[in-house]
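User: Please take a close look at the packing and pairing of side chains in the interior of this model, and walk me through it in one connected account.

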Amino acid sequence: MSKNSIACIAFNGRKVFIAKRIPKGQMGNRWEFPGGKVEEGETEEQAIHREFQEEFGVDVSVGEKIARANFKHNGETFFLDAYAVTLPHDGISKKFTLTEHTEYRWAELAEIPELDFVDSDMLIYPQVCKYLAGIL
């Protein structure tokens with residue numbers, strides 16, 4: 001049985017929104033595109049809204065699906081779908097409330113391979129780059 005996760009890609013010009021996970025669990029203290037697991041009975045869009053409310057205290061606008069990858073974690077297959085999202089503000093002058101991350105920032109896509117990024121997000125990274133190149 002496969003499980004679904006979502007990754008949310010917010011762009012600000014040529015930069016993308018990333019967040020650093022709190023230092024716990026296998027992927028602790030690593031950078032990621034925000035997102036998480038899709039709960040039972042929830043659509044991917046509902047999961048995106050819930051995750052941003054829980055993790056950053058904001059609601060987002062959900063755009064199109066821009067990438068998909070699958071991976072195995074602890075013997076289970078996961079599908080990771082990435083969606084373009086729009087944040088209500090940039091989180092700089094008015095800070096987001098962090099519950100699952102220690103920091104966030106807007107990063108150049110080219111920086112991401114240099115950062116300690118979670119493995120599953122690196123699977124969608126080429127598709128995210130291709131998408132951004134197509135909209136600029």
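Analyst: **From a hairpin to the core and its pairs**

Strand β5 (residues 61-73) and strand β6 (residues 76-86) run antiparallel and are joined by 10 bridges. Within this pairing, K65 has Y83 of β6 standing opposite. The two strands form a hairpin in which 2 residues lie between β5 and β6, and N74, in the turn, has a positive phi of about 50°.

Everything described here belongs to a predicted model, whose chain averages a pLDDT of 94, with 98% of the residues scoring at least 70. Among the elements of the chain, the lowest mean pLDDT, 92, is that of strand β1 (residues 2-12), and the highest, 98, is that of strand β3 (residues 31-32).

β5 and β6 also bring residues to the interior. The largest nonpolar core has 23 residues, and those with the most contacts inside it are I18, F33, I66, I112 and I124. Two or more residues of this core come from each of β1, β2, β5, β6 and α2, and α2 gives the largest share, 5 residues. F33 can be followed further: leaving aside residues up to four places away in sequence, F33 touches A7, C8, I9, V16, F17, I18, I112, F117, D121 and I124. Apart from the core that holds F33 lies another core, of 18 residues, which includes A10, V85, L87 and Y104.

The aromatic side chains add a layer of detail to this picture. A pair of aromatic rings is described by the distance of the centres and the angle of the planes. The structure holds 10 aromatic pairs. In one of them, the centres of the F17 and F56 rings are 5.5 Å apart and the planes stand at 70°, an angle over 60 degrees, so this pair is edge-to-face. F17 belongs to strand β2 and F56 to helix α1, so the contact links distant parts of the chain, 39 residues apart. F17 is buried, with a relative accessible area of 1%, and F56 is likewise buried, with a relative accessible area of 1%. The rings of F33 and F117 are also edge-to-face, because their centres lie 5.1 Å apart and their planes meet at 65°. F33 lies in the loop between β3 and β4 (35-37), while F117 lies in the loop between β7 (101-108) and α2, so this pair ties together parts that are 84 residues apart in sequence. F33 and F117 are buried. Beyond single pairs, one aromatic cluster is formed by F17, F52, F56, F96, Y104 and W106, and Y104 is also among the residues of the 18-residue core.

Charged side chains make a further set of links. Side chains of opposite charge can pair when their charged atoms come close. The count comes to 12 salt bridges. One of them joins the side chains of R30 and D119, with 2.8 Å from N to O. This pair links distant parts of the chain, 89 residues apart, with R30 in the loop between β2 (15-21) and β3, and D119 in helix α2 (residues 119-135). The two partners fall into separate accessibility classes: R30, with a relative accessible area of 15%, counts as buried because the limit is under 20%, whereas D119, with a relative accessible area of 45%, is partly exposed.

In helix α1 (residues 44-56), R50 and E54 lie 4 residues apart, about one turn of the helix, and form a salt bridge whose closest N and O atoms are 3.3 Å apart. R50 is buried, with a relative accessible area of 19%, while E54, at 43% relative accessibility, counts as partly exposed. R50 and E54 also belong to a network of salt bridges that links E39, E42, R50, E51 and E54. Elsewhere, the side chains of E111 and R105 meet in a salt bridge of 2.9 Å, N to O. E111 is partly exposed, with a relative accessible area of 25%, and R105 is partly exposed, with a relative accessible area of 25%.

Key. Residues are numbered from 1 along each chain as its sequence is written. This is a predicted model: local features need pLDDT of at least 70, side-chain atom pairs count only at pLDDT 80 or more; totals for chains, interfaces and linings use all residues. Side-chain values use heavy atoms; hydrogens and water are left out. Two strands pair if DSSP finds at least two bridges between them. pLDDT is the predictor's confidence in each residue, from 0 to 100. A salt bridge is a side-chain nitrogen of Lys or Arg within 4 Å of a carboxyl oxygen of Asp or Glu. Buried means under 20% relative accessible area, exposed over 50%, partly exposed in between (1.4 Å probe, protein chains only). A nonpolar core is a set of buried Ala, Val, Leu, Ile, Met, Phe, Trp, Tyr and Cys residues joined through side-chain atoms within 4.5 Å. Contact means heavy atoms within 4.5 Å. Rings of Phe, Tyr and Trp (its six-membered ring) pair if their centres lie within 6.5 Å; planes under 30 degrees apart count as stacked, over 60 as edge-to-face and the rest as tilted.
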